[in-house]
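Please open the structure in your viewer and get ready to select residues by number. This tour goes stop by stop, telling you what to select and what is there.

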Amino acid sequence: MAIVWPTGTQEQVRSGEALRRALGAVVTLIGGGAGVLVLADSGSTNEPGSGVAKRDGELTVLAFGLRLDAALSLVDRLAADAVPLPMDGRPRVSVLPEYWGGEIATLALADAEGAIGEVHLLGPASFSGLRQLADARRRQALLTELATVIRLHQERTRLQQENRQLNSILHFSGDGIITVDSTLRITGFNQARETMTAWHPHEVTGRFYYDVLRPHDPQGKPLGLDRDPLLLAISSGRTVLNRELILLTRDGQHVNVSVTAAAIRAPQGPPISGVLNVRDITRTREAEALRTTFVSVVSHELQTPIAIIKGYASTLAREDARWDPQTLRERLHAIEEEADRLNHLVGNVLYASRIQAGGLTMERGELDLSEMTRSVVRRFHARSPDRKISVRFPSETPLVYADRGRIEEVLLNLLDNAVKYSPRGKDIRVRGQVADDEVIVSVTDAGQGIPLREQERIFERFQQLDNSASRRTAGAGLGLYICRAIVEAHGGRIWVRSELGVGSTFYFSLPRTQKPEFPVVLFGAPHAEYADAGIGVDSHTDTDTDTDVIQEPGHGTGI
């Protein structure tokens, strides 16, 4: 069954033409000069140039040999007369010189299905007495032929309207819909399927559907014709419901789908076509995977500090042991650190939930990024003196319009990651740069670097690098996700440039002037143009000032 899209042919546009011709034939046969059809429900629409008009939303008026506006006036005048039609089927004859110079013969139209409407035949004086109208058999034959044409027109119009409605449903459906003939050659391809696969309908019409979609099972193995749902539906005559498959797009990308296949059969005969409904469930599978990852990551990260806290607490609570003050302090300090780690993890999870719910609010004001950065680095220095972090900003760094607390959180996360993933003895550099309409802050480490494929996803939730450094450090993979939410909510941007074996530089920018509120909507991978912006870390070095401090990692959020 082919999907027939509307073509806008002259035949479709002038939907009343067949009726008008039939009415003209009747007028000619009786020797009249004009005719007007008034139908209770013809299915016709009020379309320009069709000679058809709607009256009161129900009556359809069609004219032959008379202007449509004159026909409408005549219909109104005759309806106001309220003289009933003769019971024996003869015409009701009216003489209205202001509308027509002769007689107007009105006849009722009906068939076995019921009343159809009326026909007003306009002719010269006394034409209603001619045999074609006066003879009951001739008159009935004439009306029967006209009623038959009207019923055929109504049925055709109804089918056209249903076809247009079906085409609209198919066109705007969110599911991909494919129709094939009995040999599985594609005959129809709707817009959703085109979007899903990047194939255009004219490119696939007539091709074997299996070669176009290249179905695979959920494990990624080619499906094979013996397990193909559409072939099974056509061969068995039974509908195949909700089969999960992987289809390949035009460029070879995999799309997780749920398909329903059905065969269309001729009455008492073999299948003549098939329909495949395809629903993209990629996002659903990603959401399920994300939930699984969330449970796995969070449960793992919760278990470790809980086990440590429980172990130290149980040891300290032993009645048969006497602990010296130094041991007590060490154990209690470890319990405090693990409690802070738990608090940080839970806080990040709640923070991520607020971001997804659109609940991230900002209290913005003028902010000196140079002063704020040095303040954050001093806080790192106060925690432990194991790492050297240098800070360099232009001497005249302009103010930005931002929420100080939120931006401090971004910088703390980036520094935490830099310290966590850099080997000891390697410096960490923080640099500020001034662009035309923004200030850029970068944090550079000397870690293992980030593979290019990982750079596309590290700003997403629960994503961590798969390397030895990440396995040694704790984290739920929410830190960079939160950083990106905060920066983009300020109208800024965040990205990374990295080289394996050399290190990574994370950048974020903030507008120099106030920008309108940006919705916090998340996210895909960072935009490639950010990574290719060519922004270095050595700008303005002639006028920069340095601050060197010492810092060791705390309990960071991880990448």
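## A tour in selections

Begin by selecting Arg431, which is found in strand 15, residues 428-434. Keep in mind as you look around that this is a predicted model. Is Arg431 buried or exposed? Its relative accessibility is 6%, so Arg431 counts as buried. Now add Ser390 to the selection and show side chains: a polar contact of 3.3 Å joins the side chains of Arg431 and Ser390. Then add Tyr507, which is 76 residues from Arg431 in sequence. In space, the C-alpha atoms of Arg431 and Tyr507 are 9.4 Å apart.

**Step back for the whole protein**

Zoom out and show everything as a cartoon. The protein has 17 helices and 19 strands. Of its 559 residues, 43% are buried. Take the contacts between residues at least 6 apart in sequence: 65% of them join residues at least 24 apart.

**A pair of helices**

Next, select residues 17-29, which form helix 2, together with residues 136-172, which form helix 5. A pair like this can be described with two values: the angle between the axes and the distance between them. Here the packing angle is about 170°, and the axes of helix 2 and helix 5 are 9 Å apart. An angle over 145 degrees counts as roughly antiparallel, and helix 2 and helix 5 are therefore roughly antiparallel to each other.

Which residues of helix 2 and helix 5 meet? From helix 2, select Ala18, Leu19, Ala22, Leu23, Val26 and Leu29. From helix 5, add their partners Leu142, Leu146, Val149, Ile150 and His153. Sorted by class, this contact of helix 2 with helix 5 has ten nonpolar residues, one polar residue and no charged ones.

**Helix 9, end to end**

Now go to helix 9, residues 229-236. Just ahead of the helix, select Asp228, which caps the N-terminal end of helix 9. A side-chain oxygen of Asp228 lies 3.1 Å from the backbone nitrogen of Leu230.

Within helix 9, pick out Pro229, Leu230, Ala233 and Ile234, which are buried. Turn the view to look down the axis of helix 9: its buried residues fall within an arc of 130°, so they line one face of the helix. To see what they pack against, show strand 7 (176-181), helix 8 (209-213), strand 9 (240-248), strand 10 (254-265) and strand 11 (271-280). Finish at Gly237, just after helix 9, where phi is positive at about 80°.

**Two loop residues with positive phi**

Most residues other than glycine have a negative phi. The next two selections have positive values.

- Select Leu184, in the loop between strand 7 and strand 8 (186-189). Its phi is near 65°, a positive value in a residue other than glycine. Leu184 counts as buried because its relative accessibility is 4%.
- Select Arg214, in the loop between helix 8 and helix 9. Arg214 is not a glycine, yet its phi is positive at about 45°. Its relative accessible area is 30%, so Arg214 is partly exposed.

**A covered helix**

Select residues 479-489, which make up helix 16. How many residues of helix 16 are buried? The helix is mostly covered, with eleven of its eleven residues buried. Among them are Arg484 and Glu488, along with Leu480, Tyr481 and Ile482. Just after helix 16, click on Gly491, which takes a positive phi of about 85°.

**Last selections**

Three more residues round off the tour, each with a partner to pair up.

- Asn343 lies in helix 11, residues 325-356. With 57% relative accessibility, Asn343 counts as exposed. Pair Asn343 with Leu302, 41 residues away along the chain: their C-alpha atoms are separated by 10.0 Å.
- Arg378 is in helix 12, residues 369-383. A relative accessible area of 47% makes Arg378 partly exposed. Its partner is Ile389, eleven residues away in sequence and 9.7 Å from Arg378 in space, C-alpha to C-alpha.
- Glu456 sits in the loop between helix 14 (452-455) and helix 15 (468-472). At 48% relative accessibility, Glu456 counts as partly exposed. Add Trp495, which is 39 residues from Glu456 in sequence, with 9.7 Å between their C-alpha atoms.

Terms used: Residues are numbered from 1 along each chain as its sequence is written. This is a predicted model: local features need pLDDT of at least 70, side-chain atom pairs count only at pLDDT 80 or more; totals for chains, interfaces and linings use all residues. Side-chain values use heavy atoms; hydrogens and water are left out. Axes are lines fitted to C-alpha atoms, for helices over the stretch in contact, and angles run from 0 to 180 degrees between N-to-C directions. Helices (H or I, at least four residues) and strands (E, at least two) are DSSP runs, numbered from the N terminus. Angles under 35 degrees count as roughly parallel, over 145 as roughly antiparallel, 65 to 115 as roughly perpendicular and the rest as oblique. Contact means heavy atoms within 4.5 Å. Ala, Val, Leu, Ile, Met, Phe, Trp, Tyr, Cys and Pro count as nonpolar, Asp, Glu, Lys and Arg as charged, and the others, Gly among them, as polar. Buried means under 20% relative accessible area, exposed over 50%, partly exposed in between (1.4 Å probe, protein chains only). The arc is that of the directions from the helix axis to the C-beta atoms. A polar contact is a pair of N or O atoms within 3.5 Å; within protein, one must be able to donate a hydrogen and the other to accept it, and residues adjacent in sequence count only if both atoms are side-chain atoms.
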